[in-house]
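Student: I should like a close look at a single part of this structure, the place where the two chains meet. Please set out the pairing there and then place it within the wider architecture.

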Number of protein chains: 2
Amino acid sequence: MGAVMKAVRLNELGGPEKLHVEDIPKPKPAVGEILVNIKRAAFNRRDVFITQGLYPGIELPKTLGSDGMGSVAELGEGVSGPKIGTRVVIDPTMNWGNDERVWERNGGVLGMPREGTFAEFVSVPAANVHPAPEHLSDDEAAAVPLAGVTAYRACFSRGELTKDDVVLITGVGGGVQSFVLLYANSVGAKTIVTSGNDEKLARAKAMGADVCINYKTSENWSKDARDAAGGGGPSLIVDSVGGETLGKAVDIARPAARVVIYGGTNGDAKIRPFSIFWKQLDIRGTSMGSPEDFRHMLRLFNKHKLRPAVDRVFQMSEAPKAAERLAAHDQFGKVVLAI
Amino acid sequence: MGAVMKAVRLNELGGPEKLHVEDIPKPKPAVGEILVNIKRAAFNRRDVFITQGLYPGIELPKTLGSDGMGSVAELGEGVSGPKIGTRVVIDPTMNWGNDERVWERNGGVLGMPREGTFAEFVSVPAANVHPAPEHLSDDEAAAVPLAGVTAYRACFSRGELTKDDVVLITGVGGGVQSFVLLYANSVGAKTIVTSGNDEKLARAKAMGADVCINYKTSENWSKDARDAAGGGGPSLIVDSVGGETLGKAVDIARPAARVVIYGGTNGDAKIRPFSIFWKQLDIRGTSMGSPEDFRHMLRLFNKHKLRPAVDRVFQMSEAPKAAERLAAHDQFGKVVLAI
């Protein structure tokens, strides 16, 4: 019998409680791949959706997890570096393709259909392995990959964020939005955040948000956001709520603003074409990030010594509890898993 | 008593029938302006909306009309050219401002609040006067300005149209859309047009449209358009319908496509955020065109010897009939007024 390792496995659908720790065979690095000894992983909403069966192309049993950091354990055939033991983070996007504008989606994301990071070891293509920023703790490094690159692409590659922007960040609790706040602060933009939860707003304030609006207690949050922005409204809006929120965001954007969306939790949006054409707005969709985005993001973290928001660290056996925390939208920043 | 001239005036609201010919004082060119002797003018939907009171900031009585061509009659103080008698077209956008991205709207459009082109003479800023393309008839030259520059900005400045595009043009009958078809053909892009009227589709076909779809008789026009486009759908969509049409257009756009909108006749659009972020689409609003757009547009007309679609030419006394034709959406291309 070969070597075994511990992994958080999903053998059947049924929600977060179906996640459990199991001993499974330790993988070997494939040709062109690197075996990483995972120390910390992190959760994304995607992992929760998979346990609930709300994701295309689910194959079970599987080790979930897109985010991971650890150390290089073994190099596959044809791979000459980095050195064994190097501290690394993993880019979870597989086979982006040749078009910087859009992801080909041939390869999926780490953690489905490929075996993911909620395990002691994972084998990934060498190009997806990057040195971890030295100033980050293990928890922080694990928090970065998927949410960090999604936010990077939303802010910069798609949103063209600069210091002159007034950025509206709707629903600041989510993992990606905490990175958007981090990046907007790092370039010196003015930031306006919304949440229905005063504790999350306090966390955002502590991270440097300039204006915090509770959309549940405000009589008219979008008017408040427009007034706080000045200049006729926010110049950049980053949203993944969709629904009514997106419609309102479009209405309060200033002329020539960009509205970047990477999700639509609340579904269809009713949008007034007049707001778009009269103000010459751009609504720009984005999803994940390219290898180029990932490299630029790590550069930004290193340059500004950025630190992502870590919500809480769970042990492997607590994986269901960790996933429940995301499902309930209780977290601010990333939920980390100690492997 | 000073010199008089004939003009199509609107003294009170009440629809196209309120337009009538009147003798009014002949204007003098203001400082920095040029007096143009108008030979042909053309109608825009805007003129119809004004007669119906559906436009902001209406001041009556007024001479309507944004589009006009004719000859230079007199130069105002401080203006040194062009020579008297030069054949010119007028850029109807006043005071675009310094931001190429968006119009400041301080000056409005020719024909409200400024006195418009439905008259024997009009005084306009010298910078708005351009030599008319020589290959165009008077009717064609008059047809170009407002619809032509709106379409130019939609296609090029905002839409980044190239020969490699597959362009979906929804509702091809309108004045602007006939220019979009003209430009898309001129660069060699593949064109798909829709209309509820087979005669208009035949006109579009004659202008060079590659695929014509009647959305009233098709069981599923958007599926037809996607299939005809190939490559997963159109790469550029130009729309001013809004409503359900815009929602469907977003759903059938290929990954990384641009959806440019300059109007929203059918009102609010229900849009699936998923279509936008998953395919990384851009929805880009546009309105009118900058002086830069206008100059580039004239260059394009001259370079490719383009000819706009002229629907019909009316006499001044027939102005109500001309406006009714637009109100009923009966036209294909531009409705011209002989002065």
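Tutor: In this predicted model, a convenient starting point is Ala269(A), which stands opposite Ile271(B) in strand E16(B). That pair belongs to a strand pairing across the chains: E16 of chain A, residues 269–271, is joined to E16(B) by three bridges, and the two strands run antiparallel.

The strand pairing is one part of a broader contact, in which 30 residues of chain B are in contact with 30 residues of chain A. On the chain B side, at least two residues each come from strand E16 (269–271), helix H8 (273–278) and strand E17 (282–285). Of the elements of chain B, H8(B) gives the most to this side, with five residues. By residue class, the side of chain B that touches chain A comprises 15 nonpolar, seven polar and eight charged residues.

The relation between the chains can be stated through their superposition. A turn of 180° with a shift of 0.0 Å along the axis lays chain B on chain A with an RMSD of 0.0 Å. This is the relation of a two-fold axis. The interface residues agree as well: 100% of those of chain B are also interface residues in chain A, so the copies meet through the same surface.

To place this within a chain, consider the domains. The domain assignment divides chain A into domain 1, made of 4–144 and 308–338, and domain 2, made of 149–285. The C-alpha centres of domain 1 and domain 2 of chain A lie 28 Å apart. Between these domains of chain A, eight residues of domain 1 are in contact with eight residues of domain 2. On the domain 1 side of that contact in chain A, three residues are nonpolar, four are polar and one is charged.

A helix packing within chain B completes the picture. The axes of helix H3(B), residues 145–158, and helix H9(B), residues 291–304, come within 9 Å and cross at roughly 95°. H3(B) is therefore roughly perpendicular to H9(B). From H3(B), the residues Gly148(B), Val149(B), Tyr152(B), Arg153(B) and Ser157(B) meet Asp293(B), Phe294(B), His296(B) and Met297(B) of H9(B). The residues of this helix contact divide into four nonpolar, three polar and two charged.

Definitions and conventions. Residues are numbered from 1 along each chain as its sequence is written. Chains are lettered from A and ligands numbered from 1 in the order in which they are written. This is a predicted model: local features need pLDDT of at least 70, side-chain atom pairs count only at pLDDT 80 or more; totals for chains, interfaces and linings use all residues. Domain bounds come from an automatic or database domain assignment. Two residues are in contact if their C-beta atoms, placed from the backbone, lie within 7 Å. Ala, Val, Leu, Ile, Met, Phe, Trp, Tyr, Cys and Pro count as nonpolar, Asp, Glu, Lys and Arg as charged, and the others, Gly among them, as polar. Copies are superposed by least squares on the C-alpha atoms of residues with pLDDT of at least 70 in both. Axes are lines fitted to C-alpha atoms, for helices over the stretch in contact, and angles run from 0 to 180 degrees between N-to-C directions. Helices (H or I, at least four residues) and strands (E, at least two) are DSSP runs, numbered from the N terminus. Angles under 35 degrees count as roughly parallel, over 145 as roughly antiparallel, 65 to 115 as roughly perpendicular and the rest as oblique. Two strands pair if DSSP finds at least two bridges between them.
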